[in-house]
Amino acid sequence: MRAILGVLGNWATAAGLGYLALVVLAAVLGPSLMPGDPLALSTDIMLRPCPSHWLGTDDLGRDVLTQLVYGTRVSLVVGGVAAVVATLLGTFVGGVAGYAGGLVDTAIMRIAEFFQVIPSFILAVVIVTFIGPGETRVIMVIALLAWPQTARVARGEVLRLARAEFVDALRCIGLPEWRILLMEVIPNALGPVIAVGTLIVGYAILLESSLSFLGLYDPDAVSWGRMLSAGQQFLFTAWWLSVFPGLAILLTVLSLNLVGDSLSDALDPRRMAARMRA
């Protein structure tokens with residue numbers, strides 16, 4: 001409860017949560033709010049923001065606001081699912097590495113370092129180009145590139161908890177090691193991992209937008225990155241085509257980072273212990 005109150009007590013984090021709530025509502029209620037087809041063509045070509053088209057139209061007469069709302073769903077689905085997969089995978093792998101130690105720990109951490117030293121965007125472009133674009137494939141690629149972040153955090157927490165007295169007590173009563181790890185140690189290490197998972201959502205949205213910008217996402221989907229790509233050639237004549245999707249990406253990722261940083265501080269075991277002593 002103190003952690004939640006601490007997160008909400010920060011005005012920047014509260015603003016980020018408020019913005020994210022609006023983004024989620026737009027994703028959930030998008031078809032109801034904007035019943036039209038986001039790719040429907042019209043004769044209202046390159047209109048500036050006006051009462052009939054609040055954010056203007058593009059070179060094919062498509063409403064920018066409608067595309068923006070539908071693109072919200074793509075970004076949240078890709079970011080959310082990729083973050084969940086990366087967090088689950090990283091938590092399990094990092095937990096095993098920290099608890100087993102020795103050669104297992106060394107091997108797993110060297111694999112994690114391999115993914116971290118290679119520029120993730122370049123590696124994502126190479127993999128998606130090789131296997132082909134598509135929502136599921138992009139999600140799996142992003143999760144594959146993001147899991148080392150949670151693995152390192154989970155490993156550190158498991159290393160700390162593996163020496164705790166309650167773990168020795170569980171061993172004394174004969175509980176199997178795998179059960180101690182999965183049922184006791186990892187659940188107690190989830191606080192910092194969840195905070196890192198929140199940051200991965202923003203990372204995934206940025207990476208998906210970059211891939212969409214290059215045409216390496218589903219060509220039939222409406223996404224913010226694709227909107228940016230389509231609007232770049234009209235940057236000086238129709239600024240709204242690039243500014244509004246760019247702002248959507250910026251504000252969403254910024255809000256996620258603000259919330260993730262606050263959660264990281266609030267769920268840090270050392271800071272929690274210091275607050276309890278105070």
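In the predicted model, R171 is partly exposed, with a relative accessible area of 32%, and its side chain takes part in two salt bridges, one with D168 at an N-to-O separation of 3.1 Å and one with E177, for which the closest N and O atoms are likewise 3.1 Å apart. R171 and D168 both belong to helix 7, which spans residues 165–172, and because they are 3 residues apart within that helix, about one helical turn separates them. D168 has a relative accessible area of 39% and is therefore classed as partly exposed, a class that covers values between 20% and 50%. E177, at 38% relative accessibility, also counts as partly exposed. In general terms, side chains of opposite charge can pair when their charged atoms come close.

The structure holds 7 salt bridges, and another of them joins the side chains of R152 and E113, again with an N-to-O distance of 3.1 Å. This pair links distant parts of the chain, since R152 is placed in helix 6 and E113 in helix 4 (residues 102–117), with their positions 39 residues apart in sequence. R152 is partly exposed at 32% relative accessibility, and E113 is partly exposed as well, with a relative accessible area of 28%. The pair is not isolated, for R110, E113 and R152 are linked in a network of salt bridges.

With regard to the overall architecture, the protein chain contains 12 helices and 0 strands, so that, read from the N terminus on, each element in the succession is an α element. Taken along the principal axes, the C-alpha atoms fill a box of roughly 75 × 45 × 30 Å. Of the 278 residues in the chain, 44% are buried, and the accessible surface comes to about 14,300 Å², with 69% of this area belonging to carbon and sulfur atoms. Among contacts between residues at least 6 apart in sequence, 71% join residues that are at least 24 apart.

The largest nonpolar core comprises 27 residues, among which L55, V64, L68, I200, W224, W240 and L241 touch the most other members. At least two residues of this core are supplied by each of helix 3, helix 6 (135–161), helix 9, helix 10 (224–231) and helix 11 (240–266), and helix 11 gives the most, with 8 residues. Apart from this core lies another, of 25 residues, which includes A112, V128, L145 and A151. The surroundings of I200, one of the residues that touch the most other members of the largest core, were examined individually: when neighbours within four places in sequence are left aside, I200 is in contact with A83, A86, T87, A146, Q149 and T150.

Two of these contact partners of I200, T87 and T150, reappear in the environment of T91, a residue of helix 3 (residues 64–100). The relative accessibility of T91 is 9%, which falls under the 20% limit, and T91 therefore counts as buried. A polar atom of the T91 side chain lies 2.6 Å from the backbone oxygen of T87. Beyond residues up to four places away in sequence, T91 touches T150, A154, I186, L190 and V193.

At the surface, L22, V24, L25, V28, L29 and L33 make a nonpolar patch of about 570 Å². One member of the patch, L22, lies in helix 2 (residues 11–33) and has a relative accessible area of 57%, a value over the 50% limit, so that L22 is classed as exposed. S210, a residue of helix 9 (residues 190–213), is partly exposed, with a relative accessible area of 28%. The C-alpha atom of S210 is separated by 22 Å from that of R62, the two residues being 148 residues apart along the chain.

Terms used. Residues are numbered from 1 along each chain as its sequence is written. This is a predicted model: local features need pLDDT of at least 70, side-chain atom pairs count only at pLDDT 80 or more; totals for chains, interfaces and linings use all residues. Side-chain values use heavy atoms; hydrogens and water are left out. Helices (H or I, at least four residues) and strands (E, at least two) are DSSP runs, numbered from the N terminus. Buried means under 20% relative accessible area, exposed over 50%, partly exposed in between (1.4 Å probe, protein chains only). A polar contact is a pair of N or O atoms within 3.5 Å; within protein, one must be able to donate a hydrogen and the other to accept it, and residues adjacent in sequence count only if both atoms are side-chain atoms. Contact means heavy atoms within 4.5 Å. Patches are made of residues with over 30% relative accessible area and no salt bridge: like charges are joined within 9 Å, nonpolar side chains (Val, Leu, Ile, Met, Phe, Trp, Tyr) within 5 Å. Accessible areas come from the Shrake-Rupley method with a 1.4 Å probe; for residues, only the protein chains shown count as cover. A salt bridge is a side-chain nitrogen of Lys or Arg within 4 Å of a carboxyl oxygen of Asp or Glu. A nonpolar core is a set of buried Ala, Val, Leu, Ile, Met, Phe, Trp, Tyr and Cys residues joined through side-chain atoms within 4.5 Å.
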